[in-house]
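Student: Got a minute to go through this one with me? I'd like to start with the ligand and then move on to the fold.

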Amino acid sequence: MPVAALPILYTFRRCPYAMRARLAIAASGVSVEHREIALRNKPQAMLDISPKGTVPVLQLVDGRVIEQSLDIMLWALALNDPQQWLQGEKSLPDAAKALIDTNDGPFKFWLDRYKYADRYPEHTAAHYRQQAEEFLRCLERLLETQEYLSGARLSIADMAIFPFIRQFAAVDKTWFATSDYVRLQRWLDEQLISDLFLEVMVKRDCWVPRRLECGE
Ligand SMILES: N[C@@H](CCC(=O)N[C@@H](CS)C(=O)NCC(=O)O)C(=O)O
């Protein structure tokens with residue numbers, strides 16, 4: 001019996017952008033074919049559809065390609081958003097967009113320098129961490145008055161951002177765990193032990209393109 005074609009997601013387990021895409025896909029319940037890749041050896045099939053060479057990339061059944069993690073989230077949630085991550089909207093709410101832009105822009109910039117401080121010897125890791133902390137303070141302030149980043153309910157802002165805070169926390173676990181960001185710690189921990197996160201972090205073998213043999 002022929003197998004029905006599914007959208008294809010090129011992904012890398014530990015990439016926070018790919019995590020947010022996988023989270024939204026899992027939450028929506030939409031089926032996709034997961035193709036785990038190695039960043040050092042990207043498959044030609046992925047580069048053919050998306051020469052920029054970053055994950056995640058989603059190839060739809062009609063051939064369209066979605067090349068940005070946030071757009072993949074929005075695609076999945078537009079199909080089905082049972083947990084109302086978009087708060088009943090069809091597009092990204094402005095406040096969520098502003099937070100995600102800061103995450104993907106300045107915060108990610110300083111996070112990379114903090115994580116790979118040995119590659120940026122102009123300053124110390126502590127200096128880079130201090131720069132990144134501006135965003136942590138902003139999130140902590142939000143969580144002082146509400147349960148989640150967009151209010152009383154989990155939303156796309158939480159799910160798009162927490163994989164990056166996870167990465168920040170992992171650079172120096174003791175520092176983060178003993179920092180003053182107590183609400184942020186709790187908020188992060190809740191996601192890290194969630195069934196959804198465990199589901200999207202399941203280990204998969206690297207995808208190996210199937211060679212067409214003569215006669216197939
Ligand atoms: N703006 C992109 C960024 C994706 C991105 O930078 N992904 C990283 C992995 S976390 C990547 O693929 N880097 C390419 C490489 O390391 O070769 C998105 O939101 O999808």
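Student: So, which polar backbone atom is 2.9 Å from an oxygen atom of the ligand?
Tutor: That one belongs to V55. Keep in mind that this is a predicted model.

Student: And how much of the ligand does the protein bury?
Tutor: The protein buries 70% of the 510 Å² that the ligand exposes when taken alone.

Student: Okay, what about side chains: which one has an N or O atom 2.6 Å from a nitrogen atom of the ligand?
Tutor: Q68 does. Next along the chain, S69 has a side-chain N or O atom 2.6 Å from an oxygen atom of the ligand.

Student: Where does the ligand sit?
Tutor: In the largest pocket. The residues around the ligand include C15, P16, Y17, L39 and K42, and also G53, T54, V55 and P56. E67, Q68 and S69 are among them too.

Student: How does that shell split by class?
Tutor: There are 6 nonpolar residues, 4 polar ones and 2 charged ones.

Student: Back to V55 for a sec. Is the peptide bond between V55 and P56 cis or trans?
Tutor: It's cis, with omega at about 5°. Most peptide bonds are trans. P56 is in the loop between α2 (44-49) and β3, and P56 is also one of the residues around the ligand.

Student: Switching to the sheet: what's the strand order?
Tutor: The 4 strands go β2-β1-β3-β4 in an open sheet with mixed pairing. At the edges you find β2 (33-36) and β4 (65-66), each pairing on one side only.

Student: How many bridges join β3 to β4?
Tutor: There are 2, and these strands run antiparallel. Strand β3 covers residues 57-59, and L58 stands opposite I66 in β4.

Student: Last topic, Q84. Is its phi positive or negative?
Tutor: Positive, near 60°, and Q84 isn't a glycine. Most residues other than glycine have a negative phi.

Student: Where is Q84 in the chain?
Tutor: Look in the loop between α3 (69-79) and α4 (94-115).

Methods: Residues are numbered from 1 along each chain as its sequence is written. This is a predicted model: local features need pLDDT of at least 70, side-chain atom pairs count only at pLDDT 80 or more; totals for chains, interfaces and linings use all residues. Side-chain values use heavy atoms; hydrogens and water are left out. A residue is near a molecule or strand if one of its heavy atoms lies within 4 Å of it. A polar contact is a pair of N or O atoms within 3.5 Å; within protein, one must be able to donate a hydrogen and the other to accept it, and residues adjacent in sequence count only if both atoms are side-chain atoms. Accessible areas come from the Shrake-Rupley method with a 1.4 Å probe; for residues, only the protein chains shown count as cover. On a 1 Å grid over the protein atoms alone, a cavity is a set of points where a 1.4 Å probe fits but cannot get out, and a pocket is an open set with protein on both sides within 12 Å along at least five of seven lines; lining residues have an atom within 4 Å of a point. A molecule sits in a cavity or pocket if more than half of its atoms lie within 2 Å of its grid points. Ala, Val, Leu, Ile, Met, Phe, Trp, Tyr, Cys and Pro count as nonpolar, Asp, Glu, Lys and Arg as charged, and the others, Gly among them, as polar. Two strands pair if DSSP finds at least two bridges between them.
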